[in-house]
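Biologist: I am new to this one. Could you show me how to read it, feature by feature?

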Amino acid sequence: PLEPLIDKWKAFNWKVLEANGNNIPDVINAFRESKEAKQGPAVILFRTALGHPVSYMAGKAKWHGVAPSDAELAEALKDIENYYQAGAK
């Protein structure tokens with residue numbers, strides 16, 4: 001099993017950071033914090049949700065490596081735009 005990833009990285013004396021990989025400010029902050037790690041290497045564990053925030057892609061692994069049609073792309077871009085206009089939480 002992969003979990004507990006935090007404990008595994010810490011066992012090798014890495015600084016472990018966690019961030020919401022679906023939240024751009026959290027991602028940027030995690031990269032900033034990792035660059036400031038002085039006591040050795042750092043790893044960032046990004047927690048993400050499949051397909052977030054596109055309604056028809058959410059939770060569906062089948063979209064990895066599959067290009068959407070023009071109509072699906074338009075819908076996805078609208079979902080993403082709405083998500084960020086709503087405050088992107």
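Modeller: Start with one residue and its surroundings. This is a predicted model. Leaving out residues up to four places away in sequence, serine 34 touches Leu17, Ala42 and Ile44.

Biologist: Where does serine 34 lie?

Modeller: Serine 34 is part of helix H2, which covers residues 24-35.

Biologist: Is serine 34 buried or exposed?

Modeller: Compare its relative accessibility with the cut-off. Buried means under 20%. Serine 34 has 18% relative accessibility, so it counts as buried.

Biologist: Which backbone atom lies 2.8 Å from a polar atom of the serine 34 side chain?

Modeller: The backbone oxygen of phenylalanine 31 does.

Biologist: Let me step back to the whole chain. How many helices and strands does the chain have?

Modeller: Three helices and two strands. Read from the N terminus, their order is α-β-α-β-α. The radius of gyration is 16 Å, well over the 12 Å that the globule rule gives for 89 residues, so the chain is more spread out than a compact globule.

Biologist: What box do the C-alpha atoms fill?

Modeller: Along the principal axes, the box is roughly 50 × 30 × 20 Å.

Biologist: And what share of the 89 residues is buried?

Modeller: Buried residues account for 22% of them. The chain exposes about 6,500 Å², and carbon and sulfur atoms supply 59% of that area.

Biologist: How do I read contacts along the sequence?

Modeller: Look at the separation of the partners. Take the contacts in the chain with a separation of 6 or more. Of these, 49% join residues 24 or more positions apart.

Biologist: Which residues make up the largest nonpolar core?

Modeller: There are five: Val54, Tyr56, Met57, Trp63 and Ala76. Follow alanine 76 into that set. Beyond four places in sequence, alanine 76 touches Val54 and Tyr56.

Biologist: Now loops. Can we take asparagine 22?

Modeller: Yes. Asparagine 22 sits in the loop between S1 and H2. A loop residue can be checked for burial just like a helix residue. With a relative accessible area of 16%, asparagine 22 is buried.

Biologist: What does the side chain of asparagine 22 reach at 2.7 Å?

Modeller: The backbone nitrogen of alanine 49. Asparagine 22 also has a list of contacts beyond four places in sequence: Arg47, Thr48, Ala49, His52, Tyr83 and Tyr84.

Biologist: Which loop holds glycine 51?

Modeller: The one between S2 and H3. Glycine 51 is 29 residues from asparagine 22 along the chain, and their C-alpha atoms are separated by 9.6 Å. Glycine 51 has 27% relative accessibility and counts as partly exposed. Apart from neighbours within four places in sequence, glycine 51 is in contact with Met57 and Ala58.

Biologist: Two tyrosines came up in that contact list. How do I read a ring pair?

Modeller: A pair of aromatic rings is described by how far apart the centres are and by the angle of the planes. By this rule the chain has four aromatic pairs. One of them joins tyrosine 83 and tyrosine 84, with 5.1 Å centre to centre and 85° between the planes. Planes over 60 degrees apart count as edge-to-face, and this pair is edge-to-face.

Biologist: How buried are the two partners, tyrosine 83 and tyrosine 84?

Modeller: Tyrosine 83 is buried, at 13% relative accessibility. Tyrosine 84 is partly exposed, at 42%.

Biologist: Now the backbone. Where are the cis peptide bonds before proline 4 and proline 53?

Modeller: Read omega for each bond. From glutamate 3 to proline 4 the bond is cis, with omega near 5°. Proline 4 belongs to the segment before helix H1 (5-11). From histidine 52 to proline 53 the bond is also cis, with omega near 0°. Proline 53 is in the loop between strand S2 (42-47) and helix H3 (70-85).

Biologist: What is the phi of asparagine 13?

Modeller: Near 65°, a positive value in a residue other than glycine. Asparagine 13 lies in the loop between H1 and strand S1 (15-20).

Biologist: Is asparagine 13 buried or exposed?

Modeller: Use the other cut-off here. Exposed means over 50%. Asparagine 13 has 62% relative accessibility, so it counts as exposed.

Definitions and conventions
Residues numbered from 1 in each chain as written. Predicted model: local features only at pLDDT ≥ 70, side-chain atom pairs only at ≥ 80, totals over all residues. Heavy atoms only, no water. Helix = DSSP H or I, 4+ residues; strand = E, 2+ residues; numbered from the N terminus. Buried < 20%, exposed > 50% of the residue type's maximum accessible area, 1.4 Å probe, protein only. Phe/Tyr/Trp six-rings, centres within 6.5 Å; stacked < 30°, edge-to-face > 60°. Polar contact = N/O pair within 3.5 Å; in protein donor to acceptor, adjacent residues only side chain to side chain. Contact = heavy atoms within 4.5 Å. Rg over C-alpha atoms; globule rule 2.2 N^0.38 Å. Areas by Shrake-Rupley, 256 points an atom, 1.4 Å probe, with all protein chains shown as cover. Core = buried A, V, L, I, M, F, W, Y, C linked by side-chain atoms within 4.5 Å.
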